[in-house]
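The exercises below ask you to work through a protein model step by step. Try each task with the sequence and coordinates open before reading its solution.

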Amino acid sequence: MQLIYFGLVLSLSSLEWCFVDCKPAFTKTPSSNGKVYVDKGTNSFALSWDFNTDGETVTWVDLMYKKSGSSDELIARKIGKQLQVPRTTNYFGRVTTTTEKATFVIWYIAESDERTFECKVYFSSVSNPWIMSAVKLIVVVKPKITLYTTQALLMTEGDTRTLLCVASGNPRPSYTWYKNNVRVQEGSDNSNYTITSANRYQTGMYRCEAVVTTSTLGPYRADYNVSVTVRYKPQHKVNSLERNETFYLGRDAMFYCRTEAFPIAIHVGRYSCYGNNDVGNGKKKSVFLTVHYAPLEITLKPDPAVVRFNQTLILTCQADAVPLPRYSWMFNGKTHTKAIHNILKLTNVQVNDAGNYTCVAENFFGRKNTTRVVNVEYAPAVQSFTTGTPKNTVVQGTPVTVTCSASGYPAPTITIKRNDTVISNVGGFAIPNIQVNEEYTIYTCEPRNTIGTGAKKELKITVQVPPTISGKLPDSKNVRKENEAILYQCGAEGKPAPNITWKFKGKNLIDKPPFNISTTVRVSSDKLRTTQSVLTIEQLTWRESGTFSCLAFNDAGQAIQSTELEVEYRPVVQSMADHPKNLTVDEGTNATFTCKTKGYPSTQAHMWQFNGSRISGANCSGCHIATFTKPYVKKTDAGWYSCTGRNILGEGPPALAYLTVKYRPTIISSQELYTVNETRNVSMLCRADGLPKPKIVWKKKGTSEVLEIGEQFHVLNAQDIHNGLYCCTASNYLGQHTNEVTLNVQTRP
């Protein structure tokens, strides 16, 4: 019974109600025809659905598979971004999800994964409880020849024999037979090939090819070759005894009998000739015929060649040829020197003895060779058991893939256990969201084949935990006044113990004034460590306004938090561009200084000082840049000029600039008369003030000869000729000043 009302279908069957809403629906499925194909052994494969909710609220999304004869079995449940996988299912550790709404990733695809998967989306609405979509996953298994004719086939004409060819694979393989690369049979119903009433023309190389193909994957091929030789009795060739002959009596008669056969009829032996008539037989005369030929057939036994580890294998090679051939051997293409004639004895066989052994038979007329693959059976051993990361160290919250590989022949099966519970038989598994408590788990990998069981190998995973900030910095901006103190605390938990770096405006801070940094580490649990760091600034200045950040990091990752500090401060010059510059000017010119201060709150006025004293009238209210000009400077105006700014917090520190005034020379020390006795020495002094420093030149008045340069003029062994008037001239580029000095030399009467 069905009741259809306004798009809502109510279906009553077996006393159960099923509600189906027409609005929420799947907009994407893994396949349009309900089938998807994936290769066996694929590392991961995504089954992806998408849907519209039409305003409904999704409670969870289930991935299930249809189980014959019972209810569907839950594989995974996605609630929000979290994925739950029951430990009881063989998909535990093999299913992960993505950020998409309904995408499930299956890891390490095995043949047993071929089944119908269902995606079921549940809604909180009573009227629209769920929608469902199903897809058949077909695991494609590449073909492998499992049953075949193992040796070259030797038949006699008229025989009937069947060449075997059976291959495993999924979907079911199709088979094609070739003779000398020409197709002779094709189909999937009959994999074998039968030679009926063999004849000479059926000799050749036969190849069976098994093919697995799907609409999206393949074709995948496997094949094997078998040689067929048909023995047949000799048959006359076209030029054998082709016509009757007539000869004259007494002449020689020759007839040619030519045949072909397999095996080749080699007419080796004794040949006799005698004549006869009605009188009787004449004397018989005999000769022996020897036929030389190259090797025709060569065999190498045993076939197949399989030997166990540490045992002995004897390879025997036999070829027909005349003269007898000599034998040589090669191993994997390289000459093998330990063989004795046609026998190669391998003793105490090791794994590296497995490979291709070739026997070469050769005489003067030719050569022939054959190759046999030798397999060494040995117990398996684990080669690697790893997460694929250095030292099997991973980061909490990330997906982890664990793989185990093993050597051994026949190829081993690999069993992985988690604390004695089998979780994988395919050589690997996935942990979708690893946590630190996984360090308590011991994984074991055990390989096994028909020869024996290999030693178990253990794996312990080290899980690093990215830092989590525990002690938070203030969310809101901190406001402090200059010269006040501030303290910030930052804590982070992780594994290994996080390092903490403080940053200011993106640059790392060090424990150096004005920043005082102290850091401690403590144990927060048996796995985690907590790092606590304190940043203290005892006396704030305008330079500490900005963003402070606490960066916690370890090998697993990092976390950062930031806070803003605003310092209220008196106006101050903050850059060299804003600072008044030192000036050097000539006396009588103007000197102009500029200054710019910044404060928080903003600068209200600028003031100027000279040698620490306020300059009357040299202030500026509300100006952005302060300028002060000293007109017609004198040398007494040289000194320190400073600029200060003022806001509601007060007057800030001065920004100093020095004014240097250059002026013309003035002689400040000069004696007008020097008296000296004859033959004695005298020094005359002349000092001058000026900037740049004056150059002092001594001359005798009325002459142009420079007698001395410098403040002192030395006269040695004074004589009467030294009497007279001397000029001391001080000069720089601004001018000069001259004083006259008289030297009186007293002579004897």
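**Exercise 1. Pairing around β57**

Which residue of β59 stands opposite Ser669? Establish also how β57 pairs with β49, β55 and β59.

*Solution.* Bear in mind throughout that this is a predicted model.

Step 1. The residue of β59 that stands opposite Ser669 is Arg687. The strands concerned are β57, which covers residues 655-670, and β59, which covers residues 682-691; five bridges join them, and they run antiparallel.

Step 2. Turning to β55 (residues 639-647), one again finds five bridges to β57, in an antiparallel arrangement. Within this pairing, Trp640 has Tyr658 of β57 as its bridge partner.

Step 3. Strand β49 (residues 583-586) is joined to β57 by four bridges, and here the two strands run parallel. Val585 is the residue that stands opposite Val661 of β57.

**Exercise 2. The second largest pocket**

Find the volume of the second largest pocket and identify the strands that contribute to its lining.

*Solution.* Step 1. The space in the second largest pocket amounts to about 450 Å³. Its lining consists of 20 residues, of which Lys78, Lys81, Gln82, Thr97 and Thr98 are the closest to the centre.

Step 2. Assigning the lining to strands shows that β7 (58-65), β9 (82-84) and β10 (95-97) each provide at least two residues. The largest share, four residues, is supplied by β7.

**Exercise 3. Backbone geometry in the loops**

Locate two cis peptide bonds that precede prolines, and then examine the positive phi values of Tyr108 and Asn348.

*Solution.* Step 1. The bond from Asp303 to Pro304 is cis, its omega being near 0°, and Pro304 belongs to the loop between β25 (298-301) and β26 (305-308).

Step 2. The bond from Leu691 to Pro692 is likewise cis, with omega near 0°; Pro692 is placed in the loop between β59 and β60 (695-700).

Step 3. Tyr108 is not a glycine, yet its phi is positive, near 55°, and the residue lies in the loop between β11 (102-107) and β12 (115-123). Because its relative accessibility is 8%, Tyr108 counts as buried, the cut-off for that class being under 20%.

Step 4. Asn348, also a residue other than glycine, has a positive phi of about 50° and sits in the loop between β30 (343-346) and β31 (355-363). With a relative accessibility of 45%, Asn348 counts as partly exposed.

**Exercise 4. Surface and separation**

Which residues form a nonpolar patch with Phe247, and how far apart in space are Glu186 and Arg748?

*Solution.* Step 1. Phe247 forms a nonpolar surface patch with Leu241 and Phe255, and together the three have about 320 Å² of accessible area. Phe247 is located in the loop between β21 (220-236) and β22 (259-262), and it counts as partly exposed because its relative accessibility is 41%.

Step 2. Glu186 is part of strand β18 (residues 182-187). Its relative accessible area is 57%, so Glu186 is exposed, given that the class begins over 50%.

Step 3. Taken from C-alpha to C-alpha, Glu186 and Arg748 are 152 Å apart in space, while their separation in sequence is 562 residues.

Definitions and conventions: Residues are numbered from 1 along each chain as its sequence is written. This is a predicted model: local features need pLDDT of at least 70, side-chain atom pairs count only at pLDDT 80 or more; totals for chains, interfaces and linings use all residues. Side-chain values use heavy atoms; hydrogens and water are left out. Patches are made of residues with over 30% relative accessible area and no salt bridge: like charges are joined within 9 Å, nonpolar side chains (Val, Leu, Ile, Met, Phe, Trp, Tyr) within 5 Å. Accessible areas come from the Shrake-Rupley method with a 1.4 Å probe; for residues, only the protein chains shown count as cover. A salt bridge is a side-chain nitrogen of Lys or Arg within 4 Å of a carboxyl oxygen of Asp or Glu. Buried means under 20% relative accessible area, exposed over 50%, partly exposed in between (1.4 Å probe, protein chains only). Two strands pair if DSSP finds at least two bridges between them. On a 1 Å grid over the protein atoms alone, a cavity is a set of points where a 1.4 Å probe fits but cannot get out, and a pocket is an open set with protein on both sides within 12 Å along at least five of seven lines; lining residues have an atom within 4 Å of a point. Grid points are joined across faces, edges and corners, and a volume is the space filled by probe spheres set on the points.
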